[in-house]
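Work through the exercises below with the sequence and the 3D view at hand. Try each task before reading its solution.

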Amino acid sequence: MIPVAMFFCLLQTAYVGNPSFDALPAATKVWVSISMIAAFAAPFILRWRDAHPEPVFWGCAALVVAFPFSPMLMLMSLAGVIARRSDFRRTVRVSAAGAIICLVAELRDARRPAESSVWHQLFAEPGTGIDDVPIVVTASDATIAVTAAAVALIETAVTIMIGLHIRSKARLNEADARAQAAQHHAANLQSDLTSQQLADAIAAEAHDTLAHSLSLIALNASALQTEAARLSDSPEARELARKAEDIRRQAAGALDEAHSIINMLRDPAQAWEQLAPSTDTSLTRESLDGLIVDARNSGMLLNTWIDIKQLSDLDEQIAKIAYRAVQEGLTNARRHAPGEPVSLEVGVAPEQGVHIHISNPANDMGESGGGSGLPGLTARVKSAGGTCQYGLDDRRVFHVDVTLPWRG
């Protein structure tokens with residue numbers, strides 16, 4: 001658009017200087033010289049018509065009036081106003097102003113002497129008006145003026161229609177985008193509804209099966225504790241009662257956790273709050289001691305090597321994943337290698353991050369890591385920028401090795 005507007009501005013300005021620039025009055029020479037410079041610079045105002053369409057239009061209109069420019073520059077800015085501003089009064093105002101200025105510019109050129117007028121050149125006989133051949137115009141001045149006025153009105157009408165077409169196309173695209181957004185939102189709502197229905201079904205099933213089974217375990221452990229205390233007061237009976245109490249306490253804790261997970265399935269809005277790191281689910285000195293005590297109370301032969309520094313400054317999300325890594329590693333060893341000795345190494349420091357290593361011999365009951373716990377742990381560790389490796393070595397010792405950064 002800028003080169004086209006520049007060409008039309010230069011064209012009419014150049015004809016103003018015909019037939020001899022030196023013969024023009026001094027004031028006209030200055031005006032034509034300034035017009036030539038402005039013809040190169042003025043079209044660049046169109047670069048701002050997207051952000052400021054109406055000020056650009058009035059600026060272009062002023063340039064067309066002040067200099068012998070073609071109305072093309074003003075018409076381009078007029079289309080921009082109509083396309084980008086939908087106010088009816090504004091559209092009428094700029095359209096009327098554009099039509100008047102276009103008439104002024106075209107009639108101004110038509111009323112100039114034949115040698116300085118583009119319109120007279122259009123009505124000149126071929127071969128005249130060039131190479132010192134006097135121009136011969138085949139139409140009267142009135143005919144040229146009427147034609148120029150008609151073309152000015154047609155140009156304005158076409159410009160207005162182009163602007164309205166661009167505006168309508170933009171509105172159609174916007175309506176399509178809104179319709180697509182509404183469809184996408186509706187699809188998301190349907191997906192959320194389906195997911196919530198599935199979550200409700202899972203929660204109901206878990207409540208009917210898992211919670212019921214844990215309740216029975218706690219109840220049987222309590223009955224076993226009572227029976228052991230009633231039968232005898234020997235050390236063996238007291239040890240059996242203590243273990244039954246541990247089983248009952250752990251089953252009760254597992255039941256509470258199961259209810260908490262069921263509630264999260266039923267109320268996703270509060271699930272994120274419950275999933276946030278806490279002192280019970282993050283790696284702290286107290287939570288680590290609790291995991292070690294629970295493992296040893298369950299009969300695990302657990303050897304530990306703990307080296308932690310500035311644990312309170314550890315990133316909360318990293319601390320939660322580290323806690324789950326220790327918990328999953330000990331649970332995996334207890335499930336797949338009962339009775340075997342387990343080694344736990346935990347190192348935490350700002351310069352090295354978090355390092356957790358758990359190892360145990362694999363007995364005849366199976367090899368560790370066959371379930372979904374360790375793969376899930378691996379995914380969580382990787383999402384935090386760490387590494388998780390596990391497997392058997394040549395001596396059939398199973399290893400779980402986790403490294404985590406200090407910051408997530």
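The exercises that follow concern a predicted model.

**Exercise 1. The chain as a whole**

Task: State how many helices and strands the chain has, and what share of its residues counts as buried.

Solution: Start with the secondary structure: the chain holds 12 helices and five strands. Next, take burial: of the 408 residues, 37% count as buried. Finally, look at contacts with a separation of 6 or more: residues 24 or more positions apart account for 68% of them.

**Exercise 2. The span and the buried side of helix α3**

Task: Check whether the span of helix α3 (residues 53-66) agrees with a rise of 1.5 Å a residue, then find which of its residues are buried.

Solution: Step one is the expected span. The 14 residues of α3 should span 20 Å at 1.5 Å a residue. Step two is the comparison: the end C-alpha atoms of α3 are 20 Å apart, which agrees. Step three is burial, which requires under 20% relative accessible area. The buried residues in α3 are Pro-53, Glu-54, Val-56, Phe-57, Cys-60, Ala-61 and Val-64. Because these residues cover an arc of only 160 degrees around the axis, they are on the same side of α3. Step four is to find their neighbours: the buried residues of α3 pack against α4 (72-84) and α5 (88-110).

**Exercise 3. Annotated spans**

Task: Find where UniProt places the feature "transmembrane region", and describe the chain over residues 26-46 and 58-83.

Solution: The unreviewed UniProt entry places this feature at residues 26-46, 58-83 and 142-164. Residues 26-46 are 76% helix and 0% strand, and the end C-alpha atoms of this span lie 32 Å apart. Residues 58-83 are 81% helix and 0% strand, with end C-alpha atoms 16 Å apart.

**Exercise 4. The sheet**

Task: Give the strand order of the open sheet and explain which strands stand at the edges.

Solution: The five strands are arranged in the order β1-β2-β3-β5-β4, and the pairing is mixed. β1 (302-308) and β4 (387-392) each have a single partner strand, so one side of each is left without a neighbour in the sheet. On average, neighbouring strands of this sheet are turned by 5 degrees against each other, direction ignored.

Now take the pairs at the two edges. β1 and β2 (residues 342-349) run parallel and are joined by seven bridges; Ile-306 has Val-346 in β2 as its bridge partner. β4 and β5 run antiparallel and are joined by six bridges; here Leu-392 stands opposite Phe-398 in β5.

Last, add the helices. Helix α10 (residues 285-297) packs on the sheet and touches β1 and β2, with its direction at about 175 degrees to that of β1. Helix α11 (residues 316-336) also packs on the sheet, touching β1, β2, β3 (353-361) and β5 (397-404). The direction of α11 makes about 5 degrees with that of β3.

**Exercise 5. Two positive phi values**

Task: Locate Gln-310 and Arg-396, and decide whether each is buried, partly exposed or exposed.

Solution: Begin with the general rule: most residues other than glycine have a negative phi. Gln-310 has a positive phi near 50 degrees and lies in the loop between β1 and α11. Its relative accessibility is 46%, so Gln-310 counts as partly exposed. Arg-396 has a positive phi near 60 degrees and sits in the turn of the hairpin formed by β4 and β5, which has four residues between the strands. With a relative accessible area of 40%, Arg-396 is partly exposed.

Methods: Residues numbered from 1 in each chain as written. Predicted model: local features only at pLDDT ≥ 70, side-chain atom pairs only at ≥ 80, totals over all residues. Heavy atoms only, no water. Helix = DSSP H or I, 4+ residues; strand = E, 2+ residues; numbered from the N terminus. Expected span 1.5 Å × (residues − 1). Buried < 20%, exposed > 50% of the residue type's maximum accessible area, 1.4 Å probe, protein only. Arc of directions from axis to C-beta. Contact = heavy atoms within 4.5 Å. UniProt positions renumbered as here; feature names shortened; annotations may be inferred. Pairing = 2+ DSSP bridges. Axes fitted to C-alpha atoms, helices over the stretch in contact; angles between N-to-C directions.
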